[in-house]
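This note is addressed to a colleague who is looking at the structure for the first time. Please read the points below with the sequence and the model in view.

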Amino acid sequence: GNVIRRKAEEWEGYQKRFPAMIDKKIFLSIDEYAYFGGGRGTGPNLKVALAYGMLFNEMLRHTDFLTMSAHTMGVSTMDYTPTAATMNTTGLMFKMYTNQFAGTIPVALTGNSPQPPTKNPPYADEPRQSSGSPTYPLDMFAAVTADHKYLTLAVVNATETEQKFHLDITAGRLDGRSTLLQMTGNNLEEIGRAHV
């Protein structure tokens, strides 16, 4: 997520230096991205799925100019044999975000718990502000459908404990039924399970 956040900050700097980029609607594309979760060959697991959820949230926060991204090696989202194939944990996370957020409109999401600075050695220059929503330890993203009838909220809890939050809608109201889609597991190395 910090790599995406840094790219967004750099892009905003380009827009300040070259304001015609905004008028001409010049956009950013990110090609060939991937997360290996501690090393190549570890395979898809819950840790990788949670990392992709946070990466997707960060990309979605910048869709005003980040309009395309292409994942490296689409086959890494599947487990396959010579006679069969199925989506693995990474593929299920991609499918969940695609099904819920394609065509939606991001909405403002605020909180009172900013993300702390990263403790990991930097991959490259760190962003001025850590990636993630101001809802630490959760990372959240919200969007409405194009017809403004449905709110979709992505919540990534990358901790080992249940986290609670208070949802306060200020520009509308919620009513009717809701649906919970959840990916979980007993530990980070486990292949995640998706529930509806």
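1. The N-terminal end of helix H4 is capped by Asn88. A side-chain oxygen of Asn88 lies 3.0 Å from the backbone nitrogen of Thr90. Please bear in mind, here and below, that this is a predicted model.

2. Helix H4 itself covers residues 89-101, 13 residues in total. From first C-alpha to last, H4 reaches 18 Å, close to the 18 Å expected at 1.5 Å a residue.

3. Which residues of H4 are buried? They are Thr89, Thr90, Gly91, Met93, Phe94, Met96, Tyr97 and Phe101. Thr90 thus appears twice in this account, as a buried residue of the helix and as the residue whose backbone nitrogen faces the Asn88 cap.

4. After H4 comes Gly103, which has a positive phi, near 80 degrees.

5. A separate region to inspect is the loop between strand E2 (66-71) and strand E3 (78-80), where Thr72 is found. The side chain of Thr72 is joined to that of Glu32 by a polar contact of 2.9 Å. Leaving aside residues up to four places away in sequence, Thr72 touches Glu32, Tyr33 and Ala34.

6. On the surface, Val107, Leu151, Val155, Phe165, Leu167, Ile169 and Leu174 make a nonpolar patch of about 530 Å². One of these residues, Val155, belongs to strand E7 (residues 151-157). Val155 can count towards the patch because its relative accessible area is 35%, and patch residues need over 30% and no salt bridge. At that value Val155 is classed as partly exposed.

Terms used: Residues numbered from 1 in each chain as written. Predicted model: local features only at pLDDT ≥ 70, side-chain atom pairs only at ≥ 80, totals over all residues. Heavy atoms only, no water. Helix = DSSP H or I, 4+ residues; strand = E, 2+ residues; numbered from the N terminus. Polar contact = N/O pair within 3.5 Å; in protein donor to acceptor, adjacent residues only side chain to side chain. Contact = heavy atoms within 4.5 Å. Expected span 1.5 Å × (residues − 1). Buried < 20%, exposed > 50% of the residue type's maximum accessible area, 1.4 Å probe, protein only. Patch = residues over 30% accessible without salt bridge, like charges linked within 9 Å, V, L, I, M, F, W, Y side chains within 5 Å. Areas by Shrake-Rupley, 256 points an atom, 1.4 Å probe, with all protein chains shown as cover. Salt bridge = Lys/Arg side-chain N within 4 Å of Asp/Glu carboxyl O.
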